[in-house]
Amino acid sequence: MEIQLWRSILCPYELAVKELVLKFEHIITEHRENDLYSPIEQVSGRVKSVSSILEKLQRKHIPMERMEEEVEDIAGIRIICQFEEDIETVASIIQKRTDMEIKSEKNYLKHMKQSGYRSYHLIIYYTVETIHGPKRLQAEIQIRTMAMDFWATIEHSLQYKYKGDMPLHVTERLSKAADAIISLDLEMSSVRSEIMDAQNSSQLQSNLIKDILTNIENLYRVSNQREVMKIQDEFLRVFKTKDLRQLERFHRQLDIISEGYRAQAVNHNI
C-alpha cells in the first residue's frame, strides 16, 4: 500500500468514531431527559495512529493488504460507567441495536488478564456512508468503570515506556493496584443505592431550578415587575435552605401563579 493512501483509508474510520460517539452521547441525553439513570457516564473515541497501526502489523505479522480485515481496533470507542453492574447493561444495549453488528466479545471482567487488566470488549461491524458509497468497517468498543479506566491508562503508559518489558517490581505493584481497583469497584457497588439516591436528588434539584427560572423569566413579560422581584427574592431564600422539599413546594406554587397569568392573558385576548 502506498503511503499517500493512508489518509483516504482512515477517513471512514474517523467518520465512524464521530458517529458512534454521538450515538452513545445521545443515549446518555435520552436517559437524563427522562429522569432515568444513565448506565453510560461518558464516552470518547479515537482512530489508531498510523505508527500504532504499523507497529501492530509488524508485531502480529499481518500483511499490509490484510490490515482492514485483521486490525479490528483502527476505530476505538471507550465507554465509561460508574458501576461494574452497568457494564453488562451497556453491552446489552449495544447487542440490541440494529445499526451495530457484534462480531466478537471478550470479557476481561470474568477472565482478567495476567497483568490485572479488566474491561469488556466488543468488536462490531458498523457502516458509514462515504462519497464512494457505504463502507462496512470494524470498530472496538471498550466498556469499563472509572476505576478500571484509571488503572488501564497507567498500565498503557508504563507498557509504552518499557516497550512491553516491564521490570518485575513495577509489574508486582501494578498487580497490587489492580486488586485495589477490584476492591474499590466492589465497595462502590455496595453503596450504589445511596450514591444513586444522592445523584437523583441532585438531578431533580437541577431540573426544578431550571423550570423555576424559566417561569420567573416568563412572568417578567406578563406580570408586575415588583411582584416578580418578590417571587425572585423568595426563590433565592428557598434556594439557600438547600431543602429539596421546600424547593418542590415553591415550584408547585409558582406553577399555579404562572397558570393564573396565562389564563388572564388568554381571556384578555378573547
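The following questions and answers concern the cores, cavity, pockets and selected residues of a predicted model.

In this predicted model, local features need pLDDT of at least 70 and side-chain atom pairs count only at pLDDT 80 or more, while totals for chains, interfaces and linings use all residues. Residues are numbered from 1 along each chain as its sequence is written, and side-chain values use heavy atoms, with hydrogens and water left out.

Q: Which element supplies the largest share of the largest nonpolar core?
A: A nonpolar core is a set of buried Ala, Val, Leu, Ile, Met, Phe, Trp, Tyr and Cys residues joined through side-chain atoms within 4.5 Å; buried means under 20% relative accessible area, exposed over 50%, and partly exposed in between (1.4 Å probe, protein chains only). The largest such core has 49 residues, and those with the most contacts inside it are Phe24, Ile77, Ile79, Ile94, Ile124, Ile141 and Ile143. At least two residues each come from α1 (6-33), α2 (50-59), β2 (75-81), α4 (84-96), β4 (120-130), β5 (133-145), α5 (146-162) and α6 (168-190), where helices (H or I, at least four residues) and strands (E, at least two) are DSSP runs numbered from the N terminus. The largest share, 11 residues, is that of α1.

Q: How many residues does the other core have, the one that includes Ile216?
A: This core lies apart from the largest nonpolar core. Among its members are Ile216, Leu219, Val228 and Tyr261, and its size is 13 residues.

Q: Which residues are in contact with isoleucine 79, leaving aside its neighbours within four places in sequence?
A: Ile79 is among the residues with the most contacts inside the largest core. Contact means heavy atoms within 4.5 Å. Once neighbours within four places in sequence are set aside, the partners of isoleucine 79 are Phe24, Ile40, Gln42, Val43, Val90, Ile94, Ile141, Gln142, Ile143 and Arg144.

Q: Which helix supplies the largest share of the lining of the largest cavity?
A: On a 1 Å grid over the protein atoms alone, a cavity is a set of points where a 1.4 Å probe fits but cannot get out, and a pocket is an open set with protein on both sides within 12 Å along at least five of seven lines; lining residues have an atom within 4 Å of a point. The count comes to one cavity of 30 Å³ or more, and its lining consists of Gly116, Arg118, Met148, Trp151, Ala178, Ile181 and Ile182. Both α5 and α6 supply at least two residues of this lining. The largest share, three residues, belongs to α6.

Q: How much space lies in the largest pocket?
A: The pocket is lined by 39 residues, of which the closest to its centre are Lys48, Lys56, Arg59, Asp73 and His156. Helix α5 gives the most to the lining, with six residues. Grid points are joined across faces, edges and corners, and a volume is the space filled by probe spheres set on the points. For the largest pocket this comes to about 1,400 Å³.

Q: How many charged residues are in the lining of the largest pocket?
A: Ala, Val, Leu, Ile, Met, Phe, Trp, Tyr, Cys and Pro count as nonpolar, Asp, Glu, Lys and Arg as charged, and the others, Gly among them, as polar. The lining has eight nonpolar and 14 polar residues, and the number of charged residues is 17.

Q: Which helix gives the most to the lining of the second largest pocket?
A: About 320 Å³ of space lies in this pocket. Of its 14 lining residues, the closest to the centre are Arg32, Leu36, Gln199, Asn200 and Gln203. The most, seven residues, is given by helix α7 (residues 192-222).

Q: Is histidine 61 buried or exposed?
A: Histidine 61 has a positive phi of about 55° although it is not a glycine. The residue sits in the loop between α2 and α3 (67-70). Its relative accessibility is 70%, so histidine 61 counts as exposed.

Q: Where is lysine 242 found?
A: Lysine 242 is not a glycine, yet has a positive phi of about 55°. Its relative accessible area is 69%, and lysine 242 is therefore exposed. The residue is found in the loop between α8 (225-241) and α9 (244-269).

Q: How many disulfides does the structure hold?
A: Cysteine 11 is partly exposed, with a relative accessible area of 40%, whereas cysteine 81 counts as buried at 0%. A disulfide is a pair of cysteine sulfur atoms within 2.5 Å. The number of disulfides in the structure is zero.
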